[in-house]
Amino acid sequence: MVNKKSLISLVIIALLSLFFVIAKNNEKVTNATITRQQLSLLETLDLFTNTNTNERLADLLASGNNKAWLHLAKYHADSSATTAYQLGEYFRHRAQINTAKLWYEVAIRQQHVPARIALANIYFNVQQYADIKPLLMPILYNVDALSILYKLALQQGELAFIQAYKSNLAQGESANLYQELVQYDVFSSSVMRTPSEEKVDKSIEEHVVVKSERNIAKNSSCIIDVQLFATNLKGLRHGQQLISAFEDHMLAKYICLTTVKYIPATMLNCQHLATEKVSCNATVWLNRKDITTRYLGVIVEQGGANVDNGIMYIDQNDDLDVLVHELSHFIGFVDEYPLPEQHQKCQQFQQTPFAHNLVVLADYYQGEREEIRENILLQLPWSSLIKSSTPILSKVQQGWKLATPVSYQDEIGVFTSAACNNQIEIQAFKPTAQRTKLQYFELLFPKNYVDIMLLAPNFYLMPSYHFNVSRDLAEQGNFIKAREVLRATLFD
């Protein structure tokens, strides 16, 4: 019969062995060498250690032992949605997106809602749009899920979804997003009415806004007004940021930008590639009854910025410099960088001025200097700002060369421009010697260009966007409607 002392000794030896195993396995946890079997054994000893895997993981994170945490978390994730989600977050923050997606999926199989949100955001960022709805519709009650679904609906022009769930969006924590979308006219009848529901034949006269209704009273000094549109939530927000930034620019006194509105990209039917100048179908604007401006500005997802008569196109990554450059075209400023060889303004010498900042004239002249000067000044929109003491002609072997000398570079004069450099025999000239925003986006818009513009503020304006509508209708063979649009246009 075993005596009491022997029994106590056996118990002590067993406990020592047990604690040795626990200590050894805890050391393996810390060193990230523990196996799944050893972890399972360690978990069974929780009764003695009063520690579980969740606490071990928390301790490892607190101590900064990421290697050990990662090793242990991968074992634990199959039975813990929270740990699987944490692994997804770990890899997402390290830009290991495919691995992050796998762990989010493990968490989702264990009914983890934040993992659905995180995975949906990844799908949106990589334009894997088809996988978002199946992921989020089961948790439509979730404010983050509903917000992503609305972002998706705006991106893809899903007007039925936008209308169907707007009452859900207007409640609770998502109400702020609802109010933001109201500001962008997302829920208005003008957006929700599809082209097939329009009776364009009867609406042309109604569509064109009478001048007295134009909403430019906010700034009576406005020369033109521009209605901005965007095709998704990012573009809408970017448009508002651009409007706010533009308020401090010197041109804001003369160009009024109205609150950006939503238009589905599917309605615009843009045909350009991401690396090409933006080009979209203008006839869609016949279906909008809410436009009160002469010009339109369209913010698309990708494409090269440009102004096409009465419509400005930029993409949602373009900054204030690009916006100012493009807006200046509306009020009569022409690019000063080398224009394409076939550009119409570089094909021949001008008969009359066509822009505030650029003229296309001959380089050399024969005859009396004063008479030549007077004739040239008649061709310059900025002639009244040239001092009588500022020369514009220099004596050369061929006669008189048109160009203000470099020694007068701080004055307004006649300086060569790069605009027609792609044409050998045609030269363009500008008022200043300095390079400007019309040549490089990043440069300043000169104050003296504003002074020149104010000499004849309405003289070189682009035609209204109705010109674009009429042109596209004509290209489609609809000449009757094309003429009606131009006849109904009340903008000079």
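Me: Leaving out residues up to four places away in sequence, which residues does E180 touch?
Reply: This is a predicted model. E180 belongs to helix α13, which covers residues 175–183. With residues up to four places away in sequence set aside, the contacts of E180 are L233 and R237.

Me: Is E180 buried or exposed?
Reply: The cut-off for buried is under 20% relative accessible area. E180 has a relative accessibility of 17%, so E180 counts as buried.

Me: In the open sheet that contains β7, β8 and β9, which strands stand at the edges?
Reply: The strand order is β7-β9-β8, with antiparallel pairing. An edge strand has a single partner, so one side is left without a neighbour in the sheet; this applies to β7 (364–365) and β8 (393–396).

Me: Which helix packs on this sheet?
Reply: The helix touches β7, β8 and β9, and its direction makes about 140 degrees with that of β8. It spans residues 369–377 and is helix α19.

Me: Which residue in β9 stands opposite K395?
Reply: β8 and β9 (residues 399–402) are antiparallel to each other and pair over four bridges. In β9, the residue opposite K395 is W400.

Me: What is the average twist from one strand to the next in the sheet of β6, β11 and β10?
Reply: That open sheet has three strands in the order β6-β11-β10, paired antiparallel. Its edge strands, β6 (359–361) and β10 (415–417), each pair on one side only. From one strand to the next, the twist averages 50 degrees.

Me: Which residue in β11 stands opposite L361?
Reply: β6 pairs with β11 (residues 427–430) in the antiparallel sense, over three bridges. Opposite L361 in β11 stands Q427.

Note on methods:
Residues are numbered from 1 along each chain as its sequence is written. This is a predicted model: local features need pLDDT of at least 70, side-chain atom pairs count only at pLDDT 80 or more; totals for chains, interfaces and linings use all residues. Side-chain values use heavy atoms; hydrogens and water are left out. Two strands pair if DSSP finds at least two bridges between them. Helices (H or I, at least four residues) and strands (E, at least two) are DSSP runs, numbered from the N terminus. Contact means heavy atoms within 4.5 Å. Axes are lines fitted to C-alpha atoms, for helices over the stretch in contact, and angles run from 0 to 180 degrees between N-to-C directions. Buried means under 20% relative accessible area, exposed over 50%, partly exposed in between (1.4 Å probe, protein chains only).
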